[in-house]
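Got your viewer open and a selection box ready? Here is a tour of what to click on next and what you should find there.

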Amino acid sequence: MQSSIKILLVEDELIIADYMQNCLQQYGYIVGDICLNYNEAVAALNTTAPDIVLLDITLKGDKSGIDLAQYINANYSVPFVFITSHSDKATIDKAKKTLPYAYLIKPFDESDLYAAIETALIQFGAKEQAKVEKESGEQPIIIKDSIFVRHKSKFVKILFDDLLWMEANDNYVILFANGGCQYVLKTSLKILMEVLPAFFWRIHRGYAVNLNHIKSFDSEEAIIGDKSLPIGRTYFNELTQRLRILNG
């Protein structure tokens with residue numbers, strides 16, 4: 001029973017719309033509204049906040065269900081399922097460009113309707129979860145003087161004193177520690193810097209360093225051990241100011 005799922009139904013054939021509404025209510029879904037055309041559907045999207053849209057490809061009026069799908073993609077984060085009596089290649093090829101989560105080919109029964117809705121909701125949920133994980137990244141575990149990172153299915157403890165510098169690499173950060181050890185953390189350098197102690201400092205868009213390990217630096221590079229790291233033009237003044245603060 002899916003009593004919390006609100007559905008917007010966009011179908012201009014009233015007999016089919018009534019049949020679908022009865023099926024949906026039997027399964028415990030909430031039918032937020034039934035719309036006959038593009039304009040009604042746009043208005044309903046603004047007022048009913050549906051969890052999913054069931055959308056006929058062919059609608060009365062100047063704009064089709066494909067036009068409505070494009071509007072949904074541009075303005076809402078809501079999955080939609082196409083309903084159509086046309087399963088020809090040309091129609092499907094045009095519709096698939098809007099990235100629907102499922103298709104329902106008329107005629108269909110209540111089990112087909114249920115399967116399409118549940119499949120769409122699962123796929124949409126997985127996509128949203130992946131988006132959240134990509135944006136937030138893997139949260140590092142910070143305990144006093146150390147950071148734990150996942151390495152070869154285990155969490156490895158790295159003392160802050162042993163962590164030399166970090167390098168951003170797309171959606172990952174590579175941590176370089178004493179002894180030539182390297183660890184990969186699935187997060188952004190920005191997020192990581194927010195939880196590290198103050199003696200870690202960003203010197204470049206792609207690099208952050210442990211200030212306690214800098215041997216020397218100028219406006220172009222910082223030397224840590226035998227490694228030369230670039231200093232971004234906009235980061236140099238901030239670095240010198242930070243080192244003055246640390247030195248009292």
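Start in the largest nonpolar core, which has 24 residues; select Leu-54, Leu-113 and Ile-117, since these touch the most other members. Keep in mind as you go that this is a predicted model.

Now colour by element. Strand S1 (6–10), helix H1 (14–26), strand S3 (52–56), strand S4 (80–84), strand S5 (102–105) and helix H5 (110–136) each give two or more residues to this core. Which of them gives the most? That would be H5, with six residues.

**Leu-113 and Ile-117**

Show Leu-113 as sticks and bring up its surroundings. Leaving out residues up to four places away in sequence, Leu-113 touches Met-20, Cys-23, Leu-24, Leu-54, Leu-104 and Phe-108. Before you leave, there is another core to look at: it lies apart from this one and has 20 residues, including Leu-8, Val-10, Leu-59 and Phe-82.

Next, click on Ile-117, in helix H5. Is Ile-117 buried or exposed? Its relative accessibility is 0%, so Ile-117 counts as buried. Beyond its neighbours within four places in sequence, Ile-117 is in contact with Ile-7, Leu-24, Tyr-29, Ile-52 and Leu-54. Leu-24 and Leu-54 should still be on your screen, as Leu-113 touches them too. For a distance label, pick the C-alpha atoms of Ile-117 and Phe-200: they are 49 Å apart in space, with the two positions 83 residues apart in sequence.

**Ile-5**

Go to Ile-5, in the segment before S1. With a relative accessible area of 13%, Ile-5 falls under the 20% cut-off and is therefore buried. What does Ile-5 touch, not counting residues up to four places away in sequence? Select Tyr-29, Ile-30, Asp-51, Ile-52 and Leu-121 and you have the set. Two of those names, Tyr-29 and Ile-52, also came up as contacts of Ile-117. If you want to draw a line to the next stop, Ile-5 and Tyr-38 are 33 residues apart along the chain, and their C-alpha atoms are separated by 22 Å.

**H2 against H3**

Tyr-38 brings you to helix H2 (residues 38–48), so select it together with helix H3 (residues 65–75): the two pack with their axes 10 Å apart, at an angle of about 25 degrees. Angles under 35 degrees count as roughly parallel, and H2 and H3 are therefore roughly parallel to each other. Their crossing is right-handed.

To see who is meeting whom, show side chains on both helices. From H2 come Tyr-38, Ala-41, Val-42, Leu-45 and Asn-46; from H3 come Asp-67, Leu-68, Tyr-71 and Ile-72. Colour that contact by residue class and you get seven nonpolar, one polar and one charged.

**Thr-84 and the cis bond**

Jump to Thr-84 in strand S4. Its relative accessibility is 0%, so Thr-84 counts as buried. Apart from residues up to four places away in sequence, Thr-84 touches Asp-56, Ile-57, Thr-91, Leu-104, Ile-105 and Lys-106.

Stay on Lys-106 and look at the peptide bond that joins it to Pro-107: this one is cis, with omega at about -5 degrees. Pro-107 itself is in the loop between S5 and H5.

**Loop stops**

A few backbone picks to finish. Select Ala-49, in the loop between H2 and S3. What is the phi of Ala-49? The value is near 50 degrees, positive in a residue other than glycine. Ala-49 has 54% relative accessibility and so counts as exposed.

Leu-99 comes next, in the loop between helix H4 (89–96) and S5. Leu-99 is not a glycine either, yet its phi is positive, at about 60 degrees. With 59% relative accessibility, Leu-99 counts as exposed.

The last click goes to Gly-61, in the loop between S3 and H3. Gly-61 is exposed, with a relative accessible area of 61%. Label one final distance, from Gly-61 to Tyr-19: C-alpha to C-alpha they are 23 Å apart in space, and 42 residues apart in sequence.

How values were computed: Residues numbered from 1 in each chain as written. Predicted model: local features only at pLDDT ≥ 70, side-chain atom pairs only at ≥ 80, totals over all residues. Heavy atoms only, no water. Axes fitted to C-alpha atoms, helices over the stretch in contact; angles between N-to-C directions. Helix = DSSP H or I, 4+ residues; strand = E, 2+ residues; numbered from the N terminus. Parallel < 35°, antiparallel > 145°, perpendicular 65-115°, else oblique. Left-handed = near helix turned anticlockwise from the far one by under 90°. Contact = heavy atoms within 4.5 Å. Nonpolar A, V, L, I, M, F, W, Y, C, P; charged D, E, K, R; others polar. Core = buried A, V, L, I, M, F, W, Y, C linked by side-chain atoms within 4.5 Å. Buried < 20%, exposed > 50% of the residue type's maximum accessible area, 1.4 Å probe, protein only.
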